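Biologist: Please take a close look at one helix and its aromatic surroundings. Which residues are buried there, and what covers them?

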Amino acid sequence: MIGQFITIEGIEGAGKTSCIGCVERLLTRNNIEYITTREPGGTNLAEKIRHILLETKDEPPVDLCELLLIFAGRAQHIHNVILPALNAGIWVVCDRFTDATFAYQGGGRGLKTELISDLELITQKDLRPNITFLLDVEPELGLSRAKKRGELDRFEKEELEFFKRVREAYLDAAVRNSERFFVLDASESEEQVARIIQKTLLKKFSLKNE
Ligand code: Z5A
């Protein structure tokens, strides 16, 4: 595997979208071939699963069904998009990956970590991100940013306590996987967050900033 696998994580409204833009600009300046993708989603089939997951009007999936749908989409995404890119030397920038499952389905929903770890191993084997940016923000602030965008999806309608558990699970994961996690204070300005991300990538991958 030659390409690098970069993931961006955080609760709603943490600022993942602008963070991805700053990663893309740095890779472009360094003439690095990359793709940007997201989870849930990333392929036609996985985007259909995403729609089911975020849908609010239809029958809501029970927690185990939600978890299995997420890994079903992930299997498709890894096989059809992520691994072919990495194996071809193309970098992959992914808006959320399995750390989100540990945070939302583990921390938020309360599903067992061992169950998620087993599915992770079955679905990914040894595939893990090379670097993960966790945009950490108080749920109150993140949700207030997200709410300004209009209609809320099924996750965004959860109680504040749910997002507090998600945040704690993310921070725990960052401690357990400190070799690849970079935690950023996402209550800072978008410019400041972008500066730190670029600085981290420049150092980790010996890139140029010109
Ligand atoms: N999910 C799951 O449960 N399990 C899994 O395994 C996976 C996902 C992979 C969809 O994800 C849902 O799937 C997600 C968890 C679940 N829950 N929800 N909802 P998603 O990533 O597609 O959706 P999202 O989390 O809702 O994304 P988001 O709200 O778009 O977050 P964001 O990308 O971090 O926010 P943003 O669009 O960059 O920023 C939101 C607004 O805040 C925007 O107006 C910005 O201009 C503003 N903003 C951003 N940063 C700043 C700063 N620093 N200062 C001021 N204003 C800012």
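**One helix and the aromatic pairs**

Modeller: Helix H6 spans residues 139-147, and its buried residues are Pro139, Gly142, Leu143 and Ala146. Around the axis they cover an arc of only 95 degrees, so they sit on the same side of H6. This is a predicted model. The cover over the buried residues of H6 includes helix H7, residues 160-176.

Now the aromatic rings. The structure holds 7 aromatic pairs. One of them joins Phe5 and Phe97, edge-to-face, at 5.0 Å centre to centre with 75 degrees between the planes. Phe5 lies in strand E1 (residues 5-10). Phe97 lies in the loop between strand E3 (91-95) and helix H4 (98-108). The two are 92 residues apart, so this pair links distant parts of the chain. Both Phe5 and Phe97 are buried.

Helix H7 brings in another pair, Tyr104 with Tyr170. Their ring centres are 6.3 Å apart and their planes stand at 85 degrees, so this pair is edge-to-face. Tyr104 belongs to helix H4 and Tyr170 to helix H7, so the pair ties together parts 66 residues apart in sequence. Buried means under 20% relative accessible area. Tyr104, at 5% relative accessibility, therefore counts as buried. So does Tyr170, at 1%. Both belong to one aromatic cluster with Phe155, Phe162 and Phe163.

Charges also meet these rings. Arg154 lies over the face of Phe155, 5.1 Å from the ring centre. Arg74 lies over the face of Phe97, 5.2 Å from the ring centre.

Terms used:
Residues are numbered from 1 along each chain as its sequence is written. This is a predicted model: local features need pLDDT of at least 70, side-chain atom pairs count only at pLDDT 80 or more; totals for chains, interfaces and linings use all residues. Side-chain values use heavy atoms; hydrogens and water are left out. Buried means under 20% relative accessible area, exposed over 50%, partly exposed in between (1.4 Å probe, protein chains only). Helices (H or I, at least four residues) and strands (E, at least two) are DSSP runs, numbered from the N terminus. The arc is that of the directions from the helix axis to the C-beta atoms. Contact means heavy atoms within 4.5 Å. Rings of Phe, Tyr and Trp (its six-membered ring) pair if their centres lie within 6.5 Å; planes under 30 degrees apart count as stacked, over 60 as edge-to-face and the rest as tilted. A charge sits over a ring if NZ of Lys or CZ of Arg is within 6 Å of the ring centre and within 35 degrees of the ring normal.
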